[in-house]
Amino acid sequence: MLGTGMVGRTIADKLLDLGHEVCLGARSQDNSGAQEWADLAGPSARSGSFAQAGAFGEMVFNCTVGSASVEALKSVGQELLSGKILIDVANPLVRVGDATALTVCNTDSLGEQIQQEFPSSLVVKALNTMNCQIMVEPSLVPGTHNVFICGDNVEAKKKVVELLRAFGWPESDIIDLGGIVASRGTEMYLPLWVLLRPTIGTAHYNLRIVS
Ligand SMILES: NC(=O)c1ccc[n+]([C@@H]2O[C@H](COP(=O)([O-])OP(=O)(O)OC[C@H]3O[C@@H](n4cnc5c(N)ncnc54)[C@H](OP(=O)(O)O)[C@@H]3O)[C@@H](O)[C@H]2O)c1
């Protein structure tokens, strides 16, 4: 798990609940928050640097701040990430005045930038369009609602679908948008997500696609 914020910890906790081992990675291997998390989380949890977490994981989650995700992944390095499924949950958001903007959009996306920088990794963009508690407990939002995935490797996406099902997502609610280029669409939804938040009054909402 690359990322010690609320997303990294929430997904890490869920993975532990499901019986996996997790290494929570930070810029520094001495990150006190990550160490405390690992101490409390039990014997299947540990903490380390981004590189140590990247080396540890069979599957790697990118849950770092989107504007620095490529740098964070570079600190792990191509070799340690090669051949691994890299689930990119990050959004390239920045505040510009009172508004939310994207550091990359329209003709490119963070998901694509990561796949381009790490061509031997199997990048799957997933879960980035909702609050992190819903990612791992979709029943927090009543009724049917959707999670998007995209990526260039079909087998990697199948594995991510398996994991999402373990997180509680019915397969029929998982929408595969195609190649990693579709990250543009899911990332560009985020400025709207941010605008909806005060209107709805809770972070527990999500998209339901109807036709
Ligand atoms: N919050 C949500 O519910 C939600 C939902 C969907 C998607 N997302 C996306 O998920 C990602 C994580 O969000 P978050 O709220 O958990 O945490 P965050 O505050 O966006 O990111 C925290 C992580 O980013 C790392 N980081 C910060 N600055 C860095 C830099 N200059 N270079 C390298 N790494 C840096 C931190 O490293 P240290 O550990 O060393 O401090 C930490 O691990 C973001 O991209 C966000 O847009 C969030």
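**Exercise 1. Decide whether Ser-120 is buried, partly exposed or exposed in this predicted model, and describe its surroundings.**

Solution.
Step 1. The relative accessible area of Ser-120 is 30%. Buried means under 20% and exposed means over 50%. Ser-120 is therefore partly exposed, since 30% falls in between.

Step 2. Place the residue in the chain. Ser-120 lies in the loop that runs between helix H6 (110–117) and strand E7 (122–126).

Step 3. List the contacts, leaving out residues up to four places away in sequence. Ser-120 then touches Gln-78, Leu-81, Ser-82, Gly-83 and Lys-84. For one of these, Leu-81, the C-alpha atom is 7.7 Å from that of Ser-120, although 39 residues separate the two along the chain.

Step 4. Look for a polar contact. The side chains of Ser-120 and Ser-82 are joined by one of 3.2 Å.

**Exercise 2. Find which residues of helix H2 (residues 32–41) are buried, and work out how they are placed around the axis.**

Solution.
Step 1. Gly-33, Ala-34, Trp-37 and Ala-38 are the buried residues of H2.

Step 2. These residues cover an arc of only 135° around the axis, so they are on the same side of H2. The general rule behind such a pattern is that an α-helix has 3.6 residues a turn, so residues three or four places apart point the same way.

Step 3. Turn to the other side of H2. Here Glu-36, Asp-39 and Leu-40 are exposed.

Step 4. Identify what the buried residues pack against. Their partners are helix H1 (6–17), strand E1 (22–26) and strand E2 (45–49).

Step 5. Check the ends. At the start of H2, a side-chain oxygen of Asn-31 comes to within 3.0 Å of the backbone nitrogen of Gly-33. Just after H2, Gly-42 has a positive phi of about 105°.

**Exercise 3. Give the strand order of the five-stranded open sheet, and explain why E3 and E9 each have a side without a neighbour.**

Solution.
Step 1. The order is E3-E4-E7-E8-E9, and the pairing is mixed.

Step 2. Strand E3 (59–62) and strand E9 (174–176) are at the edges. Each has a single partner strand, so one side of each lacks a neighbour in the sheet.

Step 3. Add the twist, which averages 25° from one strand to the next.

Step 4. Examine one pair. E3 and strand E4 (residues 85–88) run in the parallel sense and are paired over four bridges. Within this pairing, Val-60 has Leu-86 in E4 as its bridge partner.

How values were computed: Residues are numbered from 1 along each chain as its sequence is written. This is a predicted model: local features need pLDDT of at least 70, side-chain atom pairs count only at pLDDT 80 or more; totals for chains, interfaces and linings use all residues. Side-chain values use heavy atoms; hydrogens and water are left out. Two strands pair if DSSP finds at least two bridges between them. Helices (H or I, at least four residues) and strands (E, at least two) are DSSP runs, numbered from the N terminus. Axes are lines fitted to C-alpha atoms, for helices over the stretch in contact, and angles run from 0 to 180 degrees between N-to-C directions. Buried means under 20% relative accessible area, exposed over 50%, partly exposed in between (1.4 Å probe, protein chains only). The arc is that of the directions from the helix axis to the C-beta atoms. Contact means heavy atoms within 4.5 Å. A polar contact is a pair of N or O atoms within 3.5 Å; within protein, one must be able to donate a hydrogen and the other to accept it, and residues adjacent in sequence count only if both atoms are side-chain atoms.
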